[in-house]
Amino acid sequence: MPEIISLGELLVEIMRPNKDVPHGKIGEIYKGPFPSGAPAIFIDSAARISKPFKYSTGFIGVVGNDEFGQSIITKLKSDGVDISKIRVDNEKSTGIAFNQYNSDGSRKFIFAAGAAGETCPEDVDEDYFGNIKALHIMGSSLSISESSREACYKAIEVAKNQNPDVLISFDPNLRPEMLDIKTIIKISKPVLENTTILLPSGEEAEMLSGIRNPEKACKKLLSQGIKHVVLKEGKNGCTIYTSGLADGIKIHGFKVDEIDPTGAGDSFGGAFVVGYLAGLDLKMIGRLSNAVGALKVTNFGPIPSTTYEDAINLMDN
Ligand code: ATP
Ligand code: MG
């Protein structure tokens, strides 16, 4: 039974290898499949970074009965994630996201959810949470379908029943262009009420708090009972806000050549939760997570193979 669990959408991404090539451009090349889905990126990162700390990781989600699904299962398994609760659905295909970047930093998705939104409360098995230390929830898993959302809510309840001290981390990776802000706030509320560590971007913190200033937004979220709000700031690193402390801890990012930013935030989150469980101090956790995020952006595709040692090497240089 895993100590770190995440759940929700499993996808493959099919990506334009070059920027500024619209999806509608007929006959242009895509590269893939790349195993993906925000909670899967998170758990794979947690599995790789936790190797020296020996935490076990597991995932709850659904793929189709096809080779795309197998490619996701193979990747997660080879990086050490328990895949026994990944269900193979015979009715639907594995979820697919076509992903394309532009030189101004914007990106466009064409998304076929397939089995990705099929995760449901019945997939959340109480026995699987017997060793739970940390549960990670993604905003995207709250929005992809009602059954996926209910599965996330149930996972929180079950995790708390099994371990009242469970660490609940939440990455509210929801954007106003995907869903109206009122709905985002409504579906996030039951998670926020149980969140120990919130991992927003500036825009997400502003949206959840209703305050147009990332620092003030994070402080308002802290005042609502969250223990740590970790503001992800892209190449500038992160700032860790802690309840009861007036100032955030600013931790600068690492200088690397960005090749593909997909999944940086999710990879960062996996490292942060592992560092936190391992009892590292906040500054060290921030540095480790920044290193994991930085290494991710040097890799094409959402899930790299970065190890803890790779992150330490970057930190030492
Ligand atoms: P996404 O949801 O697109 O993954 P995010 O907004 O959740 O992104 P980011 O702040 O973009 O998260 O990235 C997460 C972390 O990864 C950053 O806090 C930083 O540590 C690292 N990172 C991201 N981009 C870069 C970069 N260009 N150079 C160095 N580090 C980076
Ligand atoms: Mg994000």
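Helices here are DSSP runs of H or I at least four residues long, and they are numbered from the N terminus. Keep that in mind as you click around, and remember that this is a predicted model.

**Stop one: α6 and what follows.** Select residues 202–209, which make up helix α6. This helix is mostly covered, with 7 of its 8 residues buried. Want to colour them? Pick G202, E204, A205, E206, M207, L208 and S209. Now show the surroundings: the cover over those buried residues includes helices α5 (181–192) and α7 (214–223), along with strands β10 (167–171), β11 (197–198) and β12 (228–232). Then step just past the end of the helix to G210, where phi is positive, near 75°.

**Stop two: a pair of helices.** Select 264–277 for α8 and 282–297 for α9; their axes come within 8 Å and cross at roughly 150°. That angle is over 145°, so α8 counts as roughly antiparallel to α9. The crossing is right-handed. By class, the contact between α8 and α9 has 10 nonpolar, 6 polar and 1 charged residues.

To see who meets whom, show side chains on both helices. From α8, bring up A264, S267, F268, A271, F272, G275 and Y276. Facing them from α9 are L282, I285, G286, L288, S289, N290, V292, G293, K296 and V297. Does the spacing of those numbers ring a bell? An α-helix has 3.6 residues a turn, so residues three or four places apart point the same way.**Stop three: a loop aspartate.** Go to D79, in the loop between α2 (67–78) and β5 (81–82). Is D79 buried or exposed? Its relative accessible area is 9%, so D79 is buried. Show its contacts next: leaving out residues up to four places away in sequence, D79 touches D44, A47, R48, K51 and P304.

**Last stop: the cysteines.** How many disulfides does the structure hold? The count is 0. Select C120 to check: the nearest cysteine sulfur belongs to C152 and is 12 Å away. C120 is also buried, with a relative accessible area of 15%.

Now jump to C218. Why is C218 not bonded to C238? The two sulfurs are 11 Å apart, which is too far for a bond, and a disulfide needs them within 2.5 Å. C238 holds the closest cysteine sulfur to that of C218. As for its surroundings, C218 is buried, with a relative accessible area of 0%.

Key. Residues numbered from 1 in each chain as written. Chains lettered and ligands numbered in written order. Predicted model: local features only at pLDDT ≥ 70, side-chain atom pairs only at ≥ 80, totals over all residues. Heavy atoms only, no water. Buried < 20%, exposed > 50% of the residue type's maximum accessible area, 1.4 Å probe, protein only. Axes fitted to C-alpha atoms, helices over the stretch in contact; angles between N-to-C directions. Helix = DSSP H or I, 4+ residues; strand = E, 2+ residues; numbered from the N terminus. Parallel < 35°, antiparallel > 145°, perpendicular 65-115°, else oblique. Left-handed = near helix turned anticlockwise from the far one by under 90°. Contact = heavy atoms within 4.5 Å. Nonpolar A, V, L, I, M, F, W, Y, C, P; charged D, E, K, R; others polar.
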